Amino acid sequence: MSLSAIQKNVEAASAKYSSSFTKGHLALPPAKKYLVLTCMDARIDPAQAFGIELGDAHVIRNAGASAHVALRSIVISEQLLGTQEIVLVKHTGCGMLTFDNEDAYGLVEKNLGPDAAAELKARGLDFLPFAELEQAVKDDVKYLGDTKLVPDNVTVSGWIYEVETGKTRRVL
């Protein structure tokens with residue numbers, strides 16, 4: 001089986017990276033005891049944009065930086081690995097601003113067929129799109145503040161990263 005161009009790139013990058021790698025001694029828990037929840041958007045480089053060095057923090061990425069989707073990872077990060085702060089970062093130009101659940105369900109049916117659409121409906125999947133960016137940040141910060149799964153002593157802040165400028169601004 002031949003490798004795709006992407007797989008060849010992974011192999012080459014791994015060989016180059018590992019040839020001078022010196023960080024194998026880092027501890028499992030993040031050294032600075034925080035986590036960043038941000039979007040999976042390929043235009044965001046969390047390490048560069050948010051000043052994260054290897055071993056400093058957990059970085060959780062999903063579509064739209066959804067706190068609902070990330071909750072499992074957040075609980076693991078806090079309870080098993082000792083993080084004490086959450087930095088939630090959504091961004092301008094997010095794809096989650098461009099559709100609603102009905103659109104997503106229709107696209108799945110069109111592209112994957114009726115069986116896939118039926119499975120999606122049976123699973124009750126909510127794609128968690130949002131119509132207004134700043135409000136979505138506030139809603140997710142509130143969600144994390146309201147759940148009993150995030151202790152009261154955990155600091156939660158909400159931010160917006162501007163893909164156009166590379167700047168990050170605090171919402172709350």
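Start by selecting Thr 38 and Val 89 in this predicted model: Val 89, in strand E3, is the bridge partner of Thr 38. Now widen the selection to the two strands around this pair. Strand E1 covers residues 34-39, and E1 and E3 pair in the parallel sense over five bridges.

Next, colour E3 itself, residues 85-91. How many of its seven residues are buried? Six of them are, so the strand is largely enclosed by the rest of the structure.

Stay on E3 and look for its other partner, strand E4, at residues 155-161. These two strands also run parallel, joined by seven bridges. To see one such pairing, select Lys 90 together with Ile 160, its bridge partner in E4.

While you are on E4, click on Ser 157, which lies in this strand. Is Ser 157 buried or exposed? Its relative accessible area is 5%, below the 20% cut-off, so Ser 157 counts as buried. Show what surrounds it: leaving aside neighbours within four places in sequence, Ser 157 is in contact with Ile 86, Val 87 and Leu 88, and also with Val 141, Arg 170 and Leu 172.

Now for the annotated residues. Select Cys 39, Asp 41, His 91 and Cys 94, which an unreviewed UniProt entry marks as "binding site". Where do they sit relative to one another? They span 56 residues in sequence, yet no two of their C-alpha atoms are more than 8.8 Å apart, so they gather at one spot.

Take two of these residues in turn, beginning with Asp 41. You will find Asp 41 in the loop between E1 and helix H2 (46-50). With a relative accessibility of 14%, Asp 41 counts as buried. Which residues does Asp 41 contact, once neighbours within four places in sequence are left aside? They are Arg 61 and His 91.

That contact leads you to His 91, back in strand E3. Its relative accessibility is 1%, so His 91 counts as buried too. Display its contacts, not counting residues up to four places away in sequence: His 91 touches Cys 39, Asp 41, Arg 43 and Ile 44, along with Leu 133, Ile 160, Tyr 161 and Val 163.

For a last view, keep His 91 on screen with Cys 39 and Asp 41, which are among its contacts. Both of these also belong to the record's "binding site" annotation. Then add Ile 160, another residue that His 91 touches, and you are back at the bridge partner of Lys 90.

Terms used
Residues numbered from 1 in each chain as written. Predicted model: local features only at pLDDT ≥ 70, side-chain atom pairs only at ≥ 80, totals over all residues. Heavy atoms only, no water. Buried < 20%, exposed > 50% of the residue type's maximum accessible area, 1.4 Å probe, protein only. Helix = DSSP H or I, 4+ residues; strand = E, 2+ residues; numbered from the N terminus. Pairing = 2+ DSSP bridges. UniProt positions renumbered as here; feature names shortened; annotations may be inferred. Contact = heavy atoms within 4.5 Å.
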